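Subject: Structure handover

Hello,

Here is the structure for you to take over. Please look through it alongside the notes below.

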Amino acid sequence: MKIICIGRNYSDHAKEMNAEIPEEPMFFMKPDTALFREKDFYIPEFTNDLHHEVELVVKISKVGKHISLQNAPNYYEEIGLGIDFTARDVQKICKEKGWPWEKAKSFDNSAVISNHFIPKSELDLQNISFSLQKNNTIVQNGNSNQMIFSFEAIISHVSKFITLKPGDLIYTGTPEGVGQVKIGDVLEGFIHDKPFFQLKIK
Ligand code: MG
């Protein structure tokens, strides 16, 4: 399986990063070794500025290439929640040098994923609210209705370049409020006020 992540899919987040809003979905990838389903998360030694980015995650259910916008709903059945952990200090250096982002984005355990996914039939896809709490305070709060590119637009665009397969995960971008995590923090992710994961930062 593979992990595809969309960048700058919420305009408020693009603003907080001083980044332009993209004209088409912008994506990068993480390897399967990035997946993290445990409770105790250890900050890697190569960063002094690890940031949380909470994101809705689409699980691909069918093989597809060149998927049209109209057919895209047939290629996913479930939505989960994850964190696209980012070594912001490392990313800044990569950006300055014009290097790829992998060191900052694709390291081991950088793709937190909920153990539970919700069937999309149980959701209003245009109105999925989700949030991240740090030490019981909400730090990120988003809704699928704020996405610049919809789940369908993302699937259609990515599949022009890369064949999608069952089990592939697409992280659909983070709303504003990204920030640093420190040892001792507790992060909890919610969709519609239901807990989806809890992490202890070590
Ligand atoms: Mg992200």
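The notes go from the whole chain to the sheets, then to the metal site and one loop residue.

This is a predicted model, in which local features need pLDDT of at least 70 and side-chain atom pairs count only at pLDDT 80 or more, while totals for chains, interfaces and linings use all residues. Residues are numbered from 1 along each chain as its sequence is written, and side-chain values use heavy atoms, with hydrogens and water left out.

Overall

The chain holds four helices and 16 strands. Both kinds of element are DSSP runs numbered from the N terminus, with helices being H or I of at least four residues and strands E of at least two. The radius of gyration is 16 Å, close to the 17 Å from the globule rule for 202 residues, so the chain is as compact as a globular protein of that length. That radius is taken over C-alpha atoms, and the rule is 2.2 Å times the number of residues to the power 0.38. The C-alpha trace spans about 45 × 40 × 30 Å along its principal axes.

Of the 202 residues, 53% count as buried. Buried means under 20% relative accessible area, exposed means over 50%, and partly exposed lies in between (1.4 Å probe, protein chains only). The chain exposes about 9,600 Å², of which carbon and sulfur atoms supply 49%; accessible areas come from the Shrake-Rupley method with a 1.4 Å probe, and for residues only the protein chains shown count as cover. Among contacts (heavy atoms within 4.5 Å) with a separation of 6 or more, 77% are between residues 24 or more positions apart.

Sheets

Two strands are taken to pair if DSSP finds at least two bridges between them. One open sheet has five strands in the order 4-16-15-11-12, with mixed pairing. Its edges are strand 4 (40-41) and strand 12 (137-143), each with a single partner strand, so one side of each has no neighbour in the sheet. Within this sheet, strand 11 and strand 15 (residues 186-191) run antiparallel and are joined by five bridges. Q133 is opposite E188 of strand 15.

Another open sheet has three strands, ordered 8-5-14, and its pairing is antiparallel. Strand 8 (86-87) and strand 14 (179-180) are the edge strands, each pairing on one side only. Strand 5 (residues 50-52) is antiparallel to strand 14, with two bridges between them; H51 has Q180 of strand 14 as its bridge partner.

Strand 6 (residues 54-60) is largely enclosed by the rest of the structure, because six of its seven residues are buried. It is joined by seven bridges to strand 7 (residues 76-84), and the two run antiparallel. K59 of this pairing stands opposite E78 in strand 7. Strand 6 also has three bridges to strand 13 (residues 169-171), again antiparallel, and there V58 has I170 as its bridge partner.

Metal site

Which residues donate to the magnesium ion? The protein donors are E53 (OE), E55 (OE) and D84 (OD), at 2.0 to 2.1 Å from the ion. Donors are N, O and S atoms within 2.8 Å of the metal (3.2 Å for Na, K and Ca), and water is not among the atoms, so sites may look incomplete. The donor residues are spaced E-x1-E-x28-D in sequence. Distant parts of the chain are linked here: E53 is in the loop between strand 5 and strand 6, and D84 is in strand 7, 31 residues apart.

Are E53 and D84 buried or exposed? E53 is buried, with 4% relative accessible area, and D84 is buried at 1%. The side chain of D84 makes polar contacts with two lysine side chains: K30 at 2.7 Å and K105 at 2.9 Å. A polar contact is a pair of N or O atoms within 3.5 Å; within protein, one must be able to donate a hydrogen and the other to accept it, and residues adjacent in sequence count only if both atoms are side-chain atoms. Leaving aside neighbours within four places in sequence, the contacts of D84 include F28, H51, S110 and Y171, as well as the donors E53 and E55.

Loop residue

D124 lies in the loop between strand 10 (118-119) and strand 11 (129-134). D124 counts as partly exposed, at 44% relative accessibility. Its C-alpha atom is 9.4 Å from that of S144, which is 20 residues away along the chain.

Regards
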